[in-house]
Each structure stands twice: as structure tokens, then as C-alpha cells.
Amino acid sequence: MRVFERYLTLWVALCIVTGIALGQGLPDVFRAIGQIELAQVNVPVGLLIWVMIVPMLIRIDFGALHQVKAHWRGIGVTLFVNWAVKPFSMALLGWLFIRHVFAPFLPAEQQDSYIAGLILLATAPCTAMVFVWSKLSNGDPYFTLSQVALNDVIMIFAFAPIVGLLLDMSSITVPWDTLLTSVMLYIIVPVVLAQLWRKHLLGKGQATFDATMARIGPWSISALLLTLVLLFAFQGEAILKQPLVIAMLVVPILIQVFFTSSLAYWLNRRAGEKHSIACPSALIGASNFFELAVAAAISLFGLHSGAALATVVGVLVEVPVMLLVVRVVNGTKGWYENVT
């Protein structure tokens, strides 16, 4: 893991402090930034999100889809957990904790927005960081690549319908025009551009591709951190009034991570897949494409929304929690392979 990735939680924490301080000290500046919109999309944040997403999508090789049949059971588990379990279990956890357990301690006007943010987070399977988690757990790199490519294809078609369905089931108004615009802006267009750029780079040789990726790789994290500074500049006043909101949002996210990773890990064992397949299968279900979730939350509910804050909390816990999951799957390899 690169330094930025290894210490992502620290950088996010620093962004929280910096953003809140700047928002309180320069409120007029950030109010002006928030008003720079085109077709209801905040232009500075939209540009940052593209810089976040495109470098990661360039790494995705959709040609790896032909490898899916080699480990169809592991792929089946991945798809079942990512698309049939994860979004729905998070909607349930959001309803349980936000509307019931923590309801007395959360602002009533933001509770629906918090649930929406959790749903957006859970409906975006990991695209980039799963390669890091897979490598740390000695996962099969070809399986990891093929499941990421397949998930990205499914996400193009399934993200909006599932999010819309779950928001509707949670009695949250679905702004369908904005949701579809978000899918176009932050999934379809970046995927097309990234694949064209990938083809161009590979046409010049693998060395050119590797050198370019090494150069633009830090763009994603840098743009993410700048976006977080903006978010917390806008969210600062609400957080200062209720500082425990972040801790309460962490709870359903943690339960979701441990539930989905354990389920995928166990199902792969029951299906007879190798440990090197079970690890990336479990890890992609536990991790999230949080850049997309943040982008969609901002587009749908705004920079000041509880949804945006909820997706950012997912970024905050991503690295330490996923490193813990990696340690668990590595430490239980003997149990996994001892199938009777």
C-alpha cells in the first residue's frame, strides 16, 4: 500500500479538522463555492470527483470478463452478496439504527438523508482498493480482476434501480432525474473515457501505461481529500452541534462490513472454492466504491446533506476496518481449508 492509502484514515481525520476550521473561519468563501453550479451539479466538486474516479477506472480490464467462467462459484457468491444482500441489509441496518436506536440523538430532519447515504455506500461495490486487499490476502489476481470488471458492468445497469427501490422502500423521495444524471456523470461517462484512455496508453506499450498510472495514481486520493475538505467545511456547523453523529453512523457501517465479508467467506467455503478465491470475494463485498457513493450523495442530496456525511464516514473507516478483515481471512486459512 502507498503512504496515502495506508494512512487514509489519518488524512480523512485531518480533512475533517481542516474543513471544519476553514468553514467556520471563511463561511463566505465556501458559500460562494457551493453556489457554483451547472444543471444542479456543483462544478468544483464534480471536477474533483472525475479526477477521483477516472484513474481507478483506467486500471479495469473489461477483457478479463472471459475469465469469469473459470471460478463461476466464487463469482456467483460475489454477485449474490454484492447485489442481492449488501444493499438490502444496509437499508435494514439504516432503518434500525437511524430511525430507532439512535433516533433520539440525531436531527430528525436529517435521518432520511443519513439512511440514503448508507444505501448509496452499500450499493457501490469496491473498484480500486479491492486490488490492495486481495494482494494483502494472497488472493487470485485474475479472479479479483474478473469480479471487479463484472461488478462494474452490472453497476452501470443496476445502481440506479436498486438505489431507487431502496429509497422508495425507506419512504425517501427518489429524485429519479438526478439519480439517472448521477449514473451518467459518475459511472457511464467516466467508464467510457477511462477505457478510451486505457486503450490509447496500451497502444503505446505497457511501459507507457505503467508510467502514466504511476504518475496519475495519486490524483485519486488527492482529489478525494480536497472533496472531503469542502464537505466538512459545509458540514462543520452541524457536526459541532452534534459531534457524536459520526460515531453513530459508524455502527451500521461496521456491522455491514463484518456481516457481508463473513457471509461471502463462508459461502465460498461451502461452495468448495479455494482460499485465494474466497478472500477477494469476501473483501469486495465488505469494501465500497466510496468515491461513487460520495459523488451520488452530493448530486442527489447536496453538499450540506446527511447523505454526503454518511458516505464520508464510510471513507473514514475503510482502511482500518478492511485491514482487520484481511487479518481475519489470513489468520483463518487453516480453518477454511480444513473442510470435512
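Which side chain makes a polar contact with the side chain of Thr78? Select Thr78 in this predicted model and display its surroundings. The partner is Gln147, whose side chain lies 2.9 Å from that of Thr78 in this polar contact.

**Stop 1: Thr78**

Thr78 belongs to helix H5, which spans residues 72–101. Its relative accessible area is 1%, so Thr78 is classed as buried. Beyond the neighbours within four places in sequence, the residues in contact with Thr78 are Phe143, Gln147, Asn151, Ser281 and Ile284. For a sense of scale, add Leu65 to the selection: Leu65 and Thr78 are 13 residues apart along the chain, and their C-alpha atoms are separated by 14 Å.

**Stop 2: Trp72 and Arg73**

Next, select Trp72 and Arg73. The charged end of Arg73 sits over the Trp72 ring, at 5.9 Å from the ring centre.

**Stop 3: the aromatic pairs**

The structure contains 4 aromatic pairs. Begin with Phe97 and Phe102: the ring centres are 5.6 Å apart and the planes meet at 35 degrees, so this pair is tilted. Phe97 is buried because its relative accessibility is 12%, and Phe102 is likewise buried, with a relative accessible area of 14%.

Now move to Tyr265 and Trp335, another tilted aromatic pair, with 6.0 Å from centre to centre and 40 degrees between the planes. This pair joins distant parts of the chain, since Tyr265 lies in helix H11 (residues 245–271) and Trp335 in helix H15 (residues 333–337), 70 residues apart. Colour the two residues by accessibility. Tyr265, at 8% relative accessibility, is buried, whereas Trp335, at 42%, is partly exposed.

Extend the selection to Tyr336, which forms one aromatic cluster with Tyr265 and Trp335. Then add Arg269, which lies over the face of Trp335 at 4.0 Å from the ring centre.

**Stop 4: the nonpolar cores**

In soluble globular proteins, nonpolar side chains tend to be buried together. Here the largest nonpolar core has 107 residues. To find its best-connected members, select Phe159, Leu228, Phe232 and Ile246, the residues with the most contacts inside this core. Helix H10 (residues 206–241) supplies the largest share of the core, 15 residues.

Centre the view on Phe232. Apart from neighbours within four places in sequence, Phe232 is in contact with Cys15, Ile16, Gly19, Ile20, Ile239, Ile246, Leu309 and Val312. A second core, separate from the one just visited, has 11 residues, among them Ala264, Tyr265, Cys279 and Val329. Tyr265 thus appears again, having been met in the aromatic cluster with Trp335 and Tyr336.

**Stop 5: two cysteines**

Select Cys15 and Cys279. Cys15 is buried at 7% relative accessibility, and Cys279 is buried with a relative accessible area of 0%. How many disulfides does the structure hold? The count is 0.

**Stop 6: Asn138**

Finish at Asn138, in the loop between helix H7 (129–136) and helix H8 (141–169). Most residues other than glycine have a negative phi. Asn138 has a phi near 55 degrees, a positive value in a residue other than glycine. Is Asn138 buried or exposed? Its relative accessibility is 63%, so Asn138 counts as exposed. Compare this with Thr78, where the tour began: Thr78 is buried, with a relative accessible area of 1%.

How values were computed:
Residues are numbered from 1 along each chain as its sequence is written. This is a predicted model: local features need pLDDT of at least 70, side-chain atom pairs count only at pLDDT 80 or more; totals for chains, interfaces and linings use all residues. Side-chain values use heavy atoms; hydrogens and water are left out. Rings of Phe, Tyr and Trp (its six-membered ring) pair if their centres lie within 6.5 Å; planes under 30 degrees apart count as stacked, over 60 as edge-to-face and the rest as tilted. Buried means under 20% relative accessible area, exposed over 50%, partly exposed in between (1.4 Å probe, protein chains only). Helices (H or I, at least four residues) and strands (E, at least two) are DSSP runs, numbered from the N terminus. A charge sits over a ring if NZ of Lys or CZ of Arg is within 6 Å of the ring centre and within 35 degrees of the ring normal. A nonpolar core is a set of buried Ala, Val, Leu, Ile, Met, Phe, Trp, Tyr and Cys residues joined through side-chain atoms within 4.5 Å. Contact means heavy atoms within 4.5 Å. A disulfide is a pair of cysteine sulfur atoms within 2.5 Å. A polar contact is a pair of N or O atoms within 3.5 Å; within protein, one must be able to donate a hydrogen and the other to accept it, and residues adjacent in sequence count only if both atoms are side-chain atoms.
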